[in-house]
Amino acid sequence: MAQPLVTASTKFDPNFTQNVINAIGPKTSPRAREVLSALIRHVHDFTRETELTVDEWMMGVQFLNAVGQISDSKRNEGQRISDVIGLESLVDEIAHKHMVETDEIPTSSSILGPFWSPNAPFRELGASIIQDPHKGQVALMHGRVMDIYTKKGIPGAVVDIWQASSNGKYDFQDPDNQSDNNLRGKFTTDKDGNYELICLRPTPYSLPTDGPAGTLLNLLDRHPMRPAHIHLMISQDDYKPVVNQIFPREDPYLATDSVFAVKDDLIVDFKPLKGHKEATLDLEYNIILVPAPKDKTPVSHL
């Protein structure tokens, strides 16, 4: 007589997970109930599928504890772990799926990363974000911020830019060599939507490997390198904002970015530039924004 098929769902108490979900109280908001119920369900299914051992569970608990212990105001290890497993990139993809009635494609988004600062200063168009000595190549970056439908320039858009120095470190990682807001700045587009600034051709760098992110990468047999990139946040009140990163075409880590942030249309070309008093490279990067809905719906919070 054939034996009945035993699966993870029949091998263990079939009512346990639903009992845990049913324990959520009546004052929980509908969105919190939806998200947390799904989280419990998936975590329980994962545990049954892998038949997680007590030692493995405790290893996970200790790993989460270590993430919190190493994090501070200048290091967000939780966000870095999300990047390493591709979670932030997936959330970004979901958040920025725009349905537009045009064949034109808006500028792609990418992950914010843990190094954005709200304190970057506004600078004059054409100014440099380079404040301190470096060993990189200086670039003239310029372009136009445009409406996806009209193709007209958008005046008053803010182009917020930040990048690591030639040693692969951001200003607040490197206080001995960099002053506050080195390689950061906000630029407001002119009446035709144009912007222009001086920056560095970016340099590849390694994620910090002295914490849980490094442990996870080692466990996964993956390298910690990020391709060279420049961070951008482009906003204007009448348009949906875009946060992204742009990458030099010849970078060796484009296909194996440790945080999965590279997209084809975010790869750019730095070209030789002659006759400029500061820059030896030229980078043109145009940005296409989608108008914001007229009746903006408040963001839902858990």
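A residue is called buried here when its relative accessible area is under 20%. In this predicted model, buried residues by that criterion make up 40% of the 302 residues in the chain. The chain folds into 7 helices and 12 strands, and its C-alpha atoms fill a box of roughly 85 × 45 × 40 Å along the principal axes. Contacts between distant parts of the sequence feature strongly in the count: of the contacts with a separation of 6 or more, 73% join residues 24 or more positions apart.

Empty space is a good place to begin the tour. Rolling a probe the size of a water molecule over the atoms shows where such space is left. The largest pocket has a volume of about 840 Å³, and 24 residues line it. Nearest to the centre of this pocket are Phe46, Gly60, Val61, Phe63 and Leu64. The elements that give two or more residues to its lining are α3 (30–50), α4 (54–70), α5 (77–84) and α7 (212–219). Of these, α4 gives the most, with 8 residues. The lining of the largest pocket comprises 16 nonpolar, 6 polar and 2 charged residues.

Enclosed space can be described in a similar way. A search of the whole structure for cavities of 30 Å³ or more finds 1, and about 80 Å³ of space lies in the largest cavity. Its lining draws on residues from many parts of the sequence, among them Arg80, Asp83, Ile111, Phe115, Tyr205, Arg226, His231, Gln245 and Val259. By class, the lining of this cavity has 6 nonpolar, 3 polar and 3 charged residues.

His231, one of the residues lining the cavity, deserves a closer look. This histidine belongs to strand β7 (residues 230–235) and is buried, because its relative accessible area is 2%, below the 20% limit. The side chain of His231 makes a polar contact with the side chain of His229, at 3.2 Å. Beyond residues up to four places away in sequence, His231 touches Leu112, Asp160, Ile161, Trp162, Tyr170, Asn244 and Gln245. Of these, Gln245 is also named in the lining of the largest cavity.

Tyr170 and His229 come up again around Gln163, as both are in contact with that residue. Gln163 sits in the loop between β2 (158–162) and β3 (184–188). Despite this loop position, Gln163 has a relative accessible area of 1% and is therefore buried. A polar atom of its side chain lies 2.9 Å from the backbone oxygen of Leu200. Leu200 is also among the residues in contact with Gln163, leaving aside neighbours within four places in sequence, and the list further includes Ile129, Leu183, Cys199, Pro202 and Ile230.

Leu183, a contact of Gln163, is found in the loop between β2 and β3 as well. Its phi is near 60°, a positive value in a residue other than glycine. With a relative accessible area of 0%, Leu183 is buried. Phe260 likewise has a positive phi of about 60° although it is not a glycine. Phe260 is placed in the loop between β8 (242–248) and β9 (267–268), and, at 46% relative accessibility, counts as partly exposed.

Asp147 gives a further example of a buried residue, with a relative accessible area of 7%. This aspartate lies in strand β1 (residues 138–147). Its side chain makes a polar contact of 2.6 Å with the side chain of Tyr239. Besides Tyr239, the contacts of Asp147 outside its neighbours within four places in sequence are Lys152, Ile154, Ile288, Leu289 and Pro291. Asp132, by comparison, is 15 residues from Asp147 in sequence, and the two C-alpha atoms are 35 Å apart in space.

Finally, helix α6 (residues 87–95) shows how burial can be arranged around a helix. The buried residues of α6 are Glu88, Ser89 and Asp92. These residues cover an arc of only 100° around the axis, so they lie on the same side of α6. What covers them includes α5, an element that also gives two or more residues to the lining of the largest pocket.

Methods: Residues are numbered from 1 along each chain as its sequence is written. This is a predicted model: local features need pLDDT of at least 70, side-chain atom pairs count only at pLDDT 80 or more; totals for chains, interfaces and linings use all residues. Side-chain values use heavy atoms; hydrogens and water are left out. On a 1 Å grid over the protein atoms alone, a cavity is a set of points where a 1.4 Å probe fits but cannot get out, and a pocket is an open set with protein on both sides within 12 Å along at least five of seven lines; lining residues have an atom within 4 Å of a point. Grid points are joined across faces, edges and corners, and a volume is the space filled by probe spheres set on the points. Helices (H or I, at least four residues) and strands (E, at least two) are DSSP runs, numbered from the N terminus. Ala, Val, Leu, Ile, Met, Phe, Trp, Tyr, Cys and Pro count as nonpolar, Asp, Glu, Lys and Arg as charged, and the others, Gly among them, as polar. Buried means under 20% relative accessible area, exposed over 50%, partly exposed in between (1.4 Å probe, protein chains only). A polar contact is a pair of N or O atoms within 3.5 Å; within protein, one must be able to donate a hydrogen and the other to accept it, and residues adjacent in sequence count only if both atoms are side-chain atoms. Contact means heavy atoms within 4.5 Å. The arc is that of the directions from the helix axis to the C-beta atoms.
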